[in-house]
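Colleague: I would like a close look at the inside of this protein, starting with its enclosed spaces. Please go on from there to the buried residues and to any unusual backbone.

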Amino acid sequence: MHGRPRKPQFAVDAAAATANASKLQDLQSQLIHNHHLRLYTNEAISVCSKLLEINPEINTAWNYRKFAFQHNLHETTNSEHIKSLVEDELRVVEMALRENPKSYGAWYHRKWIFSQGLADVDFDREFLLLDQLLQADSRNFHGWNYRRFVSKLKDVPDPEELEVSKDMVMTNFSNYSVWHNRSVLLSRLLNNKAEGFIEREGILTKEYGFVHDALAAGSKVQSGWFYHLCLLHQTITPNEISLISSWPPHESALVLSANRDTGYYFTNTRKLPIVLYFNQTVKGVNSSSVIVNSMLFKNEDLVWKPLPPTKSEKAACWVTYLQFPDMKSWVAKVYVIEVKIDHSEAIISSCSGSRSIHPLNYRFTFSLNYDNLEFAESIDELLDWTDVGSLGVESNDLVSFDQSKSSEDLVSGFSKWQMQTISGEINLIETLFKENCKFDKLTLARLLIAHDAMLSHKTPVTEREIHFRDVLELFDDLVKLDPKHSKYYEDEKSLVLMNQVTIDKKSFSNHCSSSSNYISSKLHLHGCMQLRNLSLTRIGYVERLLWVQVLDLSYNKLRSIEGIEALQLLTCLNLRNNHICSFTALQPLKLLSYLKVLDISFNDIGAHPVDTARYLFSSPSTRSVELDKEFLEDYCRSKVDITNNWEAICLFRDLQLHQLDVKNNAVADTNFRDLLTKVLPTLMWLDGEQLR
């Protein structure tokens, strides 16, 4: 771990190793047998104890002990017996930690026991245990994590623990575990605005001075560089929550139309998304904190959802949908929608815990175009991605794209101290800079990116271009210097490229085209962006693309499309010739209700026998996916291989595609094409061939 491979504490001869392995196998078999039969006798629990004493990395054994502990707990009300049960568990954990002080299972089991609140914590014993283990090897994340847990139970003030971490760091600058512990404590104190930590600027200035000594120690001391990244994050985190992008944009006048050039094309879903994109991850966005006023809808009926959906209900992007009745029944008039966010304390930053939000009150209007509503509400002709036509089109869509305004609002939130601090750190790193040090290059790249994010758009374009080129060159050097982490550097480089492409209207217009380049019908799609062949490995700055309906990302190196779910208007998407290797990576598409045209041809889907993200999908045998009996029987009758194509079924059955291209993927054989025609009844074109 951290360049220090695990080695046994004592040499073991071959005969002893064989005997030990045989004993371990026998104990494991007994454990599985007891676990399966739910045997929680003293003898069965003893077998588990012996097993963990030899190998504390067997998670099944720790899970068994939890079940056994709860079972025996229900069998008694005697306080002394309960205390004895707790002591037994603590004793087993201590034996396991003697074998491996970094055992995940052992530390978590000890925390779990104390979390039950069944016995008083002997804090002297706990801190003595920690001292012994951390003195033996202070590079122990689990030990420091447990120390924070015990300190919280004892109500030890975080500033005291911060001083402990400082003493440990001064003893050894290269102790990454202690630096990490310090970063957790510092972030918590700053975010909670604890006494003595309200003046954020002064505290961070001192911390920068503290970490500079570690950086000056040289490139071999990696830990200080990671702590510097923590300080950088704390420095550039906005002090207030701001809305940096939205759709529809402020003062926009939308015309909802079935096919006219003058309006936004919407399919027969008859719903209009309202998208809010904040400058940081927030929670608490709901109909109470965000008020939508209109004569057509009741605000309390609107449900706000995070994108992507998360159990924690935290996201930078939030969406709600205005559901329309049949357009023909509406009165022909202009409707006004007002969106208001006041000084609501309900919206909370998950980064800093701040409840401070810029008040916002914006409005937009929409009207309905009734001309020729009988025309088809679908894309019923083949869209040709190969004819990209001319780029650099001065699109009318950019009139409603006021990125400069939202960016200026964001820039104005940065203080003079923040700008001076970042500039000072850039000068320092350039002074320490060593050509072959990856940490120098990575830190400088991060600082330059942060510096540019704070610049006003009034900054000359030539100055920005110099910074862009410098950062891109740094990431190219890092790929060569540190190939093991090349994918991370390529992802960071992609964000820089996306920033460069979307930084202002001029840059955007160089990648805009007209929908007539792709499709020759009377249908006009707004916001056609061509971002092909840019070597992108990930998508970034999606808050600037909320208005896009046609997006060409072909001939890149995308492994994921994370973030694309924010583009709620997206109707046509080209992912041809990328590096997508599974249907799991395409999950965000399920959140795009307008998506009708999709090209995922010439990727790597099906080429890899193991999909490492497959756990994201529920198994067809579980009840977490609600499939009616008729659905399953229908697939069985058609002899579709449900098990091996489960990810594809889960993805495509939630889409309403009219055109799909999947050719030149390993999975795309004749049987798979048959599956697609069954799971996608709306499909009209498959791999360029008309189905109906």
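Modeller: What follows takes the cavities, then the buried residues, then the backbone. Keep in mind that this is a predicted model.

Rolling a probe the size of a water molecule over the atoms shows where empty space is left. In this structure there are two cavities of 30 Å³ or more. The largest cavity has a volume of about 60 Å³, and the residues around it are Trp225, Phe226, Phe439, Leu442, Thr443 and Arg446. Two elements, α11 and α14 (438-454), each give two or more residues to that lining. The largest share comes from α14, with four residues. Sorted by class, the lining of the largest cavity has four nonpolar residues, one polar and one charged. Thr443 is the polar one and Arg446 the charged one, because Arg counts as charged and Thr falls among the others.

The second largest cavity has a volume of about 30 Å³. Its lining is made by Val86, Ile113, Phe114, Gly117, Leu118 and Ala119. Here the classes are five nonpolar, one polar and no charged. The polar residue is Gly117, because Gly is counted as polar in this scheme.

Next come the buried residues, beginning with one beside the helix already mentioned. Thr237 sits in the loop between α11 (223-236) and β1 (243-247). Thr237 counts as buried because its relative accessible area is 8%, and the limit is under 20%. A polar atom of the Thr237 side chain is 2.5 Å from the backbone oxygen of His233. Once neighbours within four places in sequence are left aside, Thr237 is in contact with Gln280, Cys351, Ser352 and Gln418.

Ser289 gives a second example of a buried side chain with a polar atom set against a backbone oxygen. The place of Ser289 is the loop between β4 (271-283) and β5 (291-293). With a relative accessible area of 3%, Ser289 is buried. The backbone oxygen in question belongs to Gly284, and it lies 2.8 Å from a polar atom of the Ser289 side chain.

Val548 is another buried loop residue. The loop that holds Val548 runs between β12 (528-530) and β13 (550-552). The relative accessible area of Val548 is 0%, so it falls under the 20% limit for buried. Along the chain, Val548 and His526 are 22 residues apart, yet their C-alpha atoms are separated by 6.6 Å. Apart from residues up to four places away in sequence, Val548 touches His526, Gly527, Met529, Leu569 and Leu570.

The cysteines can be dealt with briefly. The structure holds zero disulfides. Cys572 is in no disulfide, because the nearest cysteine sulfur, that of Cys528, is 7.8 Å away and a pair must be within 2.5 Å. Cys572 is also buried, with a relative accessible area of 0%. Cys650 is buried as well, at 9% relative accessibility.

That leaves the backbone. Most residues other than glycine have a negative phi, and most peptide bonds are trans. Two peptide bonds here can be set against that background. The bond from Trp247 to Pro248 is cis, with omega near -5 degrees. Pro248 belongs to the loop between β1 and β2 (253-257). The bond from Leu307 to Pro308 is likewise cis, with omega near -5 degrees. In this case the proline, Pro308, is in the loop between β6 (305-307) and β7 (315-323).

Positive phi values also turn up in residues other than glycine. For Asp155, phi is near 65 degrees. Asp155 is located in the loop between α7 (141-154) and α8 (158-171). Its relative accessible area is 65%, so Asp155 is exposed, the limit being over 50%. For Asn664, phi is near 60 degrees. The loop between β16 (659-661) and α20 (670-679) contains Asn664. With a relative accessible area of 48%, Asn664 is partly exposed, because that value lies between the 20% and 50% limits.

Conventions: Residues are numbered from 1 along each chain as its sequence is written. This is a predicted model: local features need pLDDT of at least 70, side-chain atom pairs count only at pLDDT 80 or more; totals for chains, interfaces and linings use all residues. Side-chain values use heavy atoms; hydrogens and water are left out. Buried means under 20% relative accessible area, exposed over 50%, partly exposed in between (1.4 Å probe, protein chains only). A polar contact is a pair of N or O atoms within 3.5 Å; within protein, one must be able to donate a hydrogen and the other to accept it, and residues adjacent in sequence count only if both atoms are side-chain atoms. Contact means heavy atoms within 4.5 Å. On a 1 Å grid over the protein atoms alone, a cavity is a set of points where a 1.4 Å probe fits but cannot get out, and a pocket is an open set with protein on both sides within 12 Å along at least five of seven lines; lining residues have an atom within 4 Å of a point. Grid points are joined across faces, edges and corners, and a volume is the space filled by probe spheres set on the points.
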